[in-house]
Amino acid sequence: MAQKIRSADGLLQVIPPPGHPAILPKKGESNVLITSALPYCNNVPHLGNIIGSTLSADVFSRYNRTRNRPTLYICGTDEYGTATETQALKEGITPRELCDKYHVLHKETYEWFDIGFDYFGRTSTPLHTEICQEIYQNLGKNGYLEPQSKDQTYCENCGRFLADRFVEGICPHCGYEDARGDQCDSCSRTLDAIELIKPRCLVNKSHKVVARTSTHMYVKLDTLQPQTEQWIKNAARRGKWSPNSVINHDLEIIDARMKAGLVPAPLTRDLVWGVPVPPLGREDDEIMQTKVLYVWYDAPIGYPSITANYTPEWKQWWFNPQDVNLYQFMGKDNVYFHTVYFPSIQLGDKRDWTTLFHLSTTEYLNYEGGKFSKSRNRGVFGPQARETGIPSSVWRYYLLSTRPESADAMFSWADCIAANNNVLLNNFGNFVNRVLKFVSSQYQGVIPESEDLAGPLSPNDSEDSVFISDVNRLLHEYITVMDAVKLRQGLQTVMAISQLGNGYLQSSGLNKALMISNPKRCAQVVSRAINLIYVLSALVEPYMPATAKAILPQLNAPPRAVPDVLSTDILAGHTIGTPEHLFKKIEESLADKFRDRFGGNEAKAATTTTTEAAASATASAKPKAKGKKDVAAPVFTGVMTQEMISKETEITQQGDKIRSLKAQPKSPETDARVKEEVETLKRFKSELSQLQFP
């Protein structure tokens, strides 16, 4: 097929696609290094995990490639630590076997979602050990390590110290009986295992757990704090950080831990599965030789170590702050470790590290009025998305359109299906298919002569000045918001441009009659619409790469870079490919089936209750014996109305608000606010009950 594409510098994508070997930064260019929080290797990710880090980072990495910027996207599984040992115990396998198993599951899940890492590695590698140990030794040489002896939980039956996740007990703050050694899931307080009341060993609850002294190495975050604070202020200003829990718009440090004064943090643990503590050439080496490095120390080092497994030239990315900007993506619960803790480690190492430029975080994605829960089978996890039969492009679109950028968001099957049918099918897909089919049927697949010159279209065009100006305005908006990592707004802009295209076809009256009555104008409309589709293929590629990949052969064109303005790039005489539909309708009735399937234990219970209620209703229709009264308890049928879902969301947000308040330093004012918010929470729950049982 004949290809006639305008030739111009920067018109086409020249940066290799994800996974291409040996991508290195180029001096003097905008080199972009991207990481997403390393998923912990003891379970499969759910939709909230995916949108919170890996999918968002993938969109930004693909966007930068469409702008022809040298881009490297690194991720991998975080494999050391107590959670791995705990899960391995539960499954009756070794930590290595567990990590091998879940590494594959994670990789397969991300591949199906079209997440294009340049390299997806893991932390249990020799290079990871080498880099972790080198940084540790540098911290020691620079005077930032000190041993401390403290009481820890010790299991007399196991004959070893219990790392935080190997011990459970009663929370000393709220009395929750199943608090973990590192955190209470009820009040969200961070804990030290030794604080737990009536501690129990996770291996066997009948084991005797006592307090025993153990010596560990600590990093002097207090000594490093002045350097860290200054770095945060400079980095936040340079990278235009959005206000978060660390620093505000006025560049004031607001992190509670920093305001109270950082304290030395432990770098070692009494475990087997982890990076061995290296010698420092000091008297305390003998005490440390049986210990491993703490997972919160070694996990962030996974970013450079995974890069080192990708290329031996990894230092060109990680020790090159002059030429490389580092963007990191994660959920809000990881902010402290990427803005305070790990930068402190880099500063203490004293080498010229590439440090955080811009942090992109999300709030929580909840599921149909509640939270995702693996133990309750509630929500969509890992490979289950594929099992629904909904294409990955649709999943990506819906998750990104509801990305919880400034507040918690709610996954809804009805909204997901509506997004496919109303936006992707009727808006985006309709525009692309309508234009291509018209060219195929009326022009035998060959772009007609429009008399438009190759290159940018004039915003002063006699026929389409408003249309061209509107497209150019939206293109400028797209580039601006994408550079600012406002991904949800970028996607909205893409759909606004496709909607503009639909409106253009309507206002221009593109049909066979126009072709007969005004062939020149018809050819002009076709040319401009085809070139808008070419632009859309580049704009949508970060969000739905499979959709972009489907558009290009239909256009018979190579991947285009994101342009600044609308231009004539596909020229007269160019032959397009075969038009095909990009999306298919999803039946609305599937929403109920998916709710039942992924609603978890509660949904099954609700279904049973509904059946029992129906049987009761049938029985009550029979004649009653004289003198007998019906006494029935209220039964919730399990059918969630929109009002109930909204109230559930309010309850979830209120609970998060209370947990956030409880995490603040105690004071009479804080206690009063907690009591006030708890009363509000009770009222919300009462209102929900009234909706369920009026």
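Is cysteine 416 buried or exposed, and what is its relative accessible area? In this predicted model, cysteine 416 is buried, with a relative accessible area of 0%, and the legends below take up this residue again after an overview of the chain.

**Figure 1. The whole protein chain, shown as a predicted model.** The protein chain holds 22 helices and 18 strands, and buried residues account for 54% of its 694 residues. When contacts between residues at least 6 apart in sequence are considered, 78% of them join residues that lie at least 24 apart.

**Figure 2. Close-up of the cysteines 416 and 522.** Cysteine 416 counts as buried because its relative accessible area, 0%, falls under the 20% cut-off. Cysteine 522 is likewise assigned as buried, with a relative accessible area of 0%. A disulfide would require a pair of cysteine sulfur atoms within 2.5 Å, and by this rule the count comes to zero disulfides.

**Figure 3. Close-up of the open sheet formed by three strands.** The strands are arranged in the order β7-β6-β8, and their pairing is antiparallel. The edges of this sheet are taken by β7, which covers residues 179-180, and by β8, which covers residues 197-201, each of them pairing on one side only. Strand β6, made up of residues 167-170, pairs with β7 in the antiparallel sense over two bridges. Within this part of the view, glutamate 168 stands opposite arginine 180, a residue of β7.

**Figure 4. Close-up of the packing between helix α4 and helix α10.** Helix α4 (residues 126-141) packs against helix α10 (residues 335-349) at an angle of about 65 degrees, and the axes of the two helices are 8 Å apart. The angle is therefore one that makes α4 roughly perpendicular to α10, since this class covers 65 to 115 degrees. The crossing in which α4 passes α10 is left-handed. On the α4 side, Ile135, Asn138 and Leu139 meet Ile345, Gly348 and Asp349 of α10.

**Figure 5. Close-up of glutamine 346 in helix α10.** Glutamine 346 belongs to helix α10, the helix that packs against α4 in the preceding view. With a relative accessible area of 5%, glutamine 346 is classed as buried, because this value is under 20%. If residues up to four places away in sequence are not counted, glutamine 346 touches Arg351, Trp353, Thr354 and Thr355.

Methods: Residues are numbered from 1 along each chain as its sequence is written. This is a predicted model: local features need pLDDT of at least 70, side-chain atom pairs count only at pLDDT 80 or more; totals for chains, interfaces and linings use all residues. Side-chain values use heavy atoms; hydrogens and water are left out. Two strands pair if DSSP finds at least two bridges between them. Helices (H or I, at least four residues) and strands (E, at least two) are DSSP runs, numbered from the N terminus. Buried means under 20% relative accessible area, exposed over 50%, partly exposed in between (1.4 Å probe, protein chains only). Axes are lines fitted to C-alpha atoms, for helices over the stretch in contact, and angles run from 0 to 180 degrees between N-to-C directions. Angles under 35 degrees count as roughly parallel, over 145 as roughly antiparallel, 65 to 115 as roughly perpendicular and the rest as oblique. A crossing is left-handed if the near helix is turned anticlockwise from the far one by less than a right angle, and right-handed if clockwise. Contact means heavy atoms within 4.5 Å.
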